[in-house]
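Trainee: I keep getting lost when I look at this one. Please pick a single part, take a close look at it with me, and then show me how the rest fits around it.

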Amino acid sequence: NESVESIEEFCNSEEGKIIMEKVGLDKKIVDRATVRKMDLNRRIKLTAYQMAKSNNDPNWAKLVKYSGLKKQFATKILNKYGKKAERIAKINQKEYIKKSRKNVEAEQ
């Protein structure tokens with residue numbers, strides 16, 4: 001299912017991890033049927049990509065081109081803002097740890 005895949009992708013993204021951290025959600029427990037469905041969706045996507053590549057589909061060429069461009073620009077952004085972002089992320093992490101410790105102590 002497309003929505004299951006998009007939810008999983010969001011949960012594994014940095015934004016999703018930050019939100020899950022703030023809300024205090026645990027990683028979801030996945031049953032076997034869900035794992036099978038996710039595996040099947042992954043296999044369908046990989047097979048479709050392989051078929052497109054074999055048939056020299058122009059959409060495959062565009063996917064490869066823009067995937068490469070995405071990585072290239074992501075690297076440029078990290079090189080430009082990485083050090084500042086690291087400092088901010090460390091400060092936020094320390095604050096989160098302090099808050100979560102206070103919450104744990106308050107519950108006990």
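Mentor: Let's get one term straight before we start: helices here are DSSP runs of H or I with at least four residues, strands are runs of E with at least two, and both are numbered from the N terminus. Keep in mind, too, that what you have in front of you is a predicted model. The part I'd like to pick is the loop between H3 and H4, where Asn56 lies.

What is the sign of phi at Asn56? Phi there is near 50°, which is a positive value, and the residue is not a glycine. Most residues other than glycine have a negative phi, so a positive one deserves a second glance. You'll find Asn56 just after H3. Is Asn56 buried or exposed? With a relative accessible area of 66%, Asn56 is exposed, because anything over 50% gets that label.

Now step back from the loop into the helix that precedes Asn56. Helix H3 covers residues 32-54, which makes 23 residues. Here's a neat check you can do yourself. At 1.5 Å a residue, H3 should span 33 Å, and its end C-alpha atoms are indeed 33 Å apart, so the expected and the modelled span agree. If you try this by hand, multiply 1.5 Å by one less than the number of residues, because that is how the expected span is defined.

While we're on H3, look at its charged side chains, starting with Asp39. Asp39 forms a salt bridge with Arg42, and their closest N and O atoms are 2.9 Å apart. Asp39 also forms a salt bridge with Arg43, this time with the closest N and O atoms 2.8 Å apart. Why can one residue reach both partners? An α-helix has 3.6 residues a turn, so residues three or four places apart point the same way. Arg42 sits three residues from Asp39 within H3, and Arg43 sits four residues from Asp39 in that helix; each spacing is about one turn. As for cover, Asp39 is partly exposed at 28% relative accessibility, Arg42 is partly exposed at 42%, and Arg43 is partly exposed at 48%.

On the other side of our loop comes helix H4, residues 58-107. There you can spot a salt bridge between Lys90 and Glu86, with the closest N and O atoms 3.3 Å apart. These two are four residues apart in H4, so about one helical turn separates them. Lys90 counts as partly exposed at 45%, and Glu86 is partly exposed too, at 38%. Bridges that share partners, by contrast, tie Asp39, Arg42 and Arg43 into one network. A search of the whole structure turns up three salt bridges.

H4 also takes part in surface patches. Leu63, in H4, joins Leu46 and Tyr49 in a nonpolar patch of about 250 Å². Leu63 itself is partly exposed, with a relative accessible area of 33%. Further along, Lys94, Lys98, Lys99 and Lys102 form a positive surface patch. Lys94 lies in H4 and is exposed, at 58% relative accessible area.

What about the start of the chain? Glu8 is found in helix H1, residues 2-12, and is partly exposed at 26%. The C-alpha atoms of Glu8 and Met38 are 9.2 Å apart, although 30 residues separate the two along the chain.

Finally, here's the whole picture. The protein chain has four helices and zero strands, running α-α-α-α from the N terminus on. How much of the chain is buried? Of its 108 residues, 5% count as buried. The accessible surface comes to about 10,200 Å², and 57% of that belongs to carbon and sulfur atoms. Now go back to Asn56 in the loop between H3 and H4, and trace the chain outward from there on your own screen.

Terms used:
Residues are numbered from 1 along each chain as its sequence is written. This is a predicted model: local features need pLDDT of at least 70, side-chain atom pairs count only at pLDDT 80 or more; totals for chains, interfaces and linings use all residues. Side-chain values use heavy atoms; hydrogens and water are left out. Patches are made of residues with over 30% relative accessible area and no salt bridge: like charges are joined within 9 Å, nonpolar side chains (Val, Leu, Ile, Met, Phe, Trp, Tyr) within 5 Å. Accessible areas come from the Shrake-Rupley method with a 1.4 Å probe; for residues, only the protein chains shown count as cover. A salt bridge is a side-chain nitrogen of Lys or Arg within 4 Å of a carboxyl oxygen of Asp or Glu. Buried means under 20% relative accessible area, exposed over 50%, partly exposed in between (1.4 Å probe, protein chains only). Lys and Arg count as positive and Asp and Glu as negative; His and the chain ends are not counted. The place of a charge is taken as NZ of Lys, CZ of Arg, CG of Asp or CD of Glu.
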